[in-house]
Amino acid sequence: MKFLRSSLSSLGITISFFCLNSPMAFAQFSYEQAHSDSGISRRPLATIHQEFAGLASAQGHRADWIQYGTSVSGKRLMVLKVHDKNFRNSPGNLRPAILISEAIHGNEYLHITDRLPFEFMKPGQQNPAFEAFLGAGGVIYFVPVMNPDGYSAGRRENARGADLNRDFRIQAAGNQGFAQPETRGITDFIASESMSSDLLVEASMEYHCCVGGLIHPWAYTRQQHLTGDQLARHQEVGEIVSNLFSYPYGTVNDLLGYGAIGGSDDYYLEKYGRRAFSFEGARGAEDKKLQQHVILWNRVFDLIRAN
Ligand SMILES: [Zn+2]
């Protein structure tokens, strides 16, 4: 039986000890509460793209701003790849990779992913965990806006009205997925990078709003649960989040009492077998917690490098 301490600030509810296994757990959350406007003002997409392009040019020795596809309405799908370009891998070694993304639901912008790389690469500032991760061959991909059409329109779905977080291939659920260019684009890109550069996606993290919690697989079923090392790897990050943010962690069923087929977490865990999360920020408040996210990632860099 799992217990947790949680302050669900997005709803102004504080729960001291809460049993996640109870079927009534979080019954007060509706689907709409969990997936609605973040209450954090969206910045123009062009501004975000301009800033990232500027960062890549200032950090040319370790950053590339790459187009991996085109959205339904023709917007560029962009990722910042950060890695030590002088790193030489030894044969047979898999380099650790991390994918951090936001706004796959266009109305759930938290203003975190579009600032994280600027925090890690601040001129004149040392970031030991970040530098050590890159020095060990680590690669970090930042996608500040996964769904640019939805983002620009302030809408959850893409320009075809598709929920992209239901469009990932989940073999265990028989879900073919990848009908949308936004999901196909990023997963093809990461798969191709993994093959060509001997990478293993050690962690994916998608930022959402507004539950205040860390969600890990599985979402496609209530019957299958993580076990053994796989569970331990997710709990390790869950504990870091719990300590830093006082947020609960668990499956979407644990936290919200529902399941969903076609989510990115299930895809990345099924494909790479390591760690996959959705970070649910707090409505109107998560953007004030940037420094906690920096600490979270520094800890994750260290734990991935150590194992
Ligand atoms: Zn969402």
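Two strands are said to pair if DSSP finds at least two bridges between them. The structure discussed here is a predicted model, and its strand pairings offer a convenient way into it.

The account may start with β3 and β4, which pair in the antiparallel sense over 7 bridges. Within this pairing, Q67 stands opposite M78 in β4. The two strands form a hairpin with 5 residues between them, and in that hairpin G74 takes a positive phi near 95°. Strand β4 is largely enclosed by the rest of the structure, because 5 of its 7 residues are buried.

From β4 the path leads to β6. These two strands also pair in the antiparallel sense, over 3 bridges. Here K81 has Y141 in β6 as its bridge partner, while L80 stands opposite F142 in β6. Strand β6 has a further partner in β5, and this pairing is parallel, with 5 bridges. Y141 takes part here too, as the bridge partner of L99. Y141 is thus named in a bridge with K81 and in another with L99.

The burial of β6 deserves separate attention. Of its 5 residues, 5 are buried. In a regular strand, side chains alternate between the two faces of the sheet. In β6, V139, Y141 and V143 point one way, whereas I140 and F142 point the other way, and all are buried.

These strands lead to the largest nonpolar core, which has 73 residues; V79, I100, Y141 and F142 are the ones that touch the most other members. The largest share of this core, 10 residues, is supplied by β7. What does I100 touch, not counting residues up to four places away in sequence? Its contacts are T113, L116, I140, Y141, F142 and M205.

Helix α6 is the next element to consider. It covers residues 181-197, 17 residues in number, and reaches 23 Å from its first C-alpha to its last, close to the 24 Å expected at 1.5 Å a residue. Its buried residues are E182, T183, G185, I186, T187, F189, I190 and E193. The elements against which these buried residues pack are β3, β4, β5, β6, β7 and α9. Just after α6, D198 takes a positive phi of about 50°.

Another position to examine is E280, which is found in strand β9 (residues 276-282). Is E280 buried or exposed? With 28 other C-beta atoms within 10 Å, E280 is buried, because the criterion for burial is 20 or more such atoms. Although E280 and G213 are 67 residues apart in sequence, their C-alpha atoms are 5.0 Å apart in space. Leaving aside neighbours within four places in sequence, the contacts of E280 are H208, C209, C210, V211, G212, G213 and I215.

The last feature concerns two helices. Two packed helices are described by the angle between their axes and the distance between the axes. For helix α4 (residues 128-135) and helix α10 (residues 290-306), the angle is about 35° and the axes are 8 Å apart. The crossing of α4 and α10 is left-handed. On the α4 side, A129, F130, A132 and F133 take part, and they meet N298, F301, D302 and R305 in α10. An α-helix has 3.6 residues a turn, so residues three or four places apart point the same way.

Note on methods
Residues numbered from 1 in each chain as written. Predicted model: local features only at pLDDT ≥ 70, side-chain atom pairs only at ≥ 80, totals over all residues. Helix = DSSP H or I, 4+ residues; strand = E, 2+ residues; numbered from the N terminus. Expected span 1.5 Å × (residues − 1). Buried ≥ 20, exposed ≤ 12 C-beta atoms within 10 Å, placed from the backbone. Contact = placed C-beta atoms within 7 Å. Core = buried A, V, L, I, M, F, W, Y, C linked by C-beta atoms within 7 Å. Axes fitted to C-alpha atoms, helices over the stretch in contact; angles between N-to-C directions. Left-handed = near helix turned anticlockwise from the far one by under 90°.
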